[in-house]
Structure formats: structure tokens, C-alpha cells
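Student: I would like to go through this model and ask why certain terms apply to it. Shall we take a look together?

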Amino acid sequence: MLSDGLVKRLILCPANSFGKKPDHRAKNQGRLKPLKFNRFSFLSKHDIIRKIFQVKLRNGHRAIFLFSPEGKMDIQQILDKTLPGLGYELVDFELTAQGILRVFIDKEGGITVEDCATVSNHLSRLFMVEDIDYKNLEISSPGLDRPLKKAADFVRFAGQQAKIKTRLPIDGQKNFIGRIEACENDIVTLSFDGKTASIEINNIDKARLKPEFKF
């Protein structure tokens, strides 16, 4: 049985509970089971440690417990820790000046309307508990011109066209449109106009796929 002093956060996510408040009475109905991405994350010298556990309850609900000794999670931390456990990749997110929080997700086989509803339901509850300030939450796929944020993205989409803007110029140029040839040791090789450019990941300001349409 879980003690009240141990459980800091509880969020229930039954498939048929969209829009309902979490049932906090369910916290004693299951065994504590760590998620596959379970690990301690030392965020500062003050030992701000967060750990996420998942509980499968006897009534078929699934619960997420967030242990938070101090402080609260920011949006990036919440998305990084939560989405992989739900089976989704975080592509990007943005919070507009109008309070619209847009989260772009992906998975093998693509994103469906049901996927967006599932993630929206889950994150809405989580953001409520963590007191994240926003007005509207929008969940969507990244689209054909999806952002490229990390080295793994460039490896995955090698052979495709991309638009890259660098922070510092390379041979006097900061904007590139070309084909991703490779990405090794955090250096992207881009071919364009019969030339190639080697671009370090940390020098990339923005990068997106450039869709190719063949008729």
C-alpha cells in the first residue's frame, strides 16, 4: 500500500475519462511499477530529483505518479519524460504569446486523430497538476516539413531535402537548401548546387525537411 506522504502527484488516465477529474482514491489500488525510462535526473546541486512511475490498477486504469521533492517541472521536462512512455516522440513544442501551447508528436506509422486525443487528455491532466500556465493545448503531427532538432533526426531523414539556417555563416552563407547526405559525430553533410557543406549540429539555428512533390 502506498502512503499519502510518499505520493506527491497522481493522475489517472482511463480511456473513457476524457474531461473528468482524476480519481485520487485509486492511489492505493495498484503496485508501483517503474516505467522503462525510469531514472533519477539530477537537475542541480540542490538535488532536485524527479522520478516517474506507472501503476496498472485492477480496474484497468493507468496512473502516473510524479515524485517531486521540490520545485515544479517545466514544459520541456514534462514532455521529455511523459511522451516516450506513451509511445510517442516529441518533435517540437511552442508556447505563443496568446497562451496557445502547441505540441508536435510523431511515431512509426504516423499520427492519427485518436493519438492526438490520447496525448491531449493525458497532458491536460498533467499540466493541471503541475500548474502549467496556458490557455489552449493543441496536439498535432509535425507535418511534411517537420523540424529537425537533433542528430538522430538528420540520421533518420538522410537522403531527403532540408532547409537549414545556421547561427554562424559558413563561407559567408547562413541559409542552405540541399539534400542530407549523412550525419556523423554531430556534423551534418548537406549537398547543394554541386557542392557540399559540413554543418555542426550546435551551429544550426533552424532546420526543416523540404517536401518533394513528384507528379
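**Reasoning from values to terms**

Tutor: Gladly! This is a predicted model, and a good place to begin is Leu148, which touches Asp153, Phe154, Phe157, Ala162, Ile180, Ala207, Arg208 and Leu209, leaving aside residues up to four places away in sequence.

Student: What makes these count as contacts of Leu148?

Tutor: Contact means heavy atoms within 4.5 Å, so each listed partner has to meet that cut-off.

Student: Which residues have the most contacts inside the largest nonpolar core?

Tutor: Leu148, Phe154, Ile164, Val188, Ile199 and Ile204, in a core of 18 residues. Strand 8 (161-170), strand 9 (173-184), strand 10 (187-192), strand 11 (195-200) and strand 12 (204-209) each give two or more residues to this core. A second, separate core has 17 residues, among them Ile75, Ile105, Leu123 and Phe127.

Student: Why might nonpolar side chains be found together like this?

Tutor: In soluble globular proteins, they tend to be buried together.

Student: Where is Arg146 found, and why is Arg146 called buried?

Tutor: Arg146 is in the loop between strand 7 (136-140) and helix 3 (151-156). The relative accessibility of Arg146 is 3% and the cut-off for buried is under 20%, so Arg146 counts as buried.

Student: What makes the pairing of Arg146 and Asp106 a polar contact?

Tutor: Their side chains are joined at 3.0 Å; the cut-off is N or O atoms within 3.5 Å, with one able to donate a hydrogen and the other to accept it. Arg146 also touches other residues, including Glu89, Val91, Asp153 and Arg156.

Technical notes: Residues numbered from 1 in each chain as written. Predicted model: local features only at pLDDT ≥ 70, side-chain atom pairs only at ≥ 80, totals over all residues. Heavy atoms only, no water. Core = buried A, V, L, I, M, F, W, Y, C linked by side-chain atoms within 4.5 Å. Buried < 20%, exposed > 50% of the residue type's maximum accessible area, 1.4 Å probe, protein only. Helix = DSSP H or I, 4+ residues; strand = E, 2+ residues; numbered from the N terminus.
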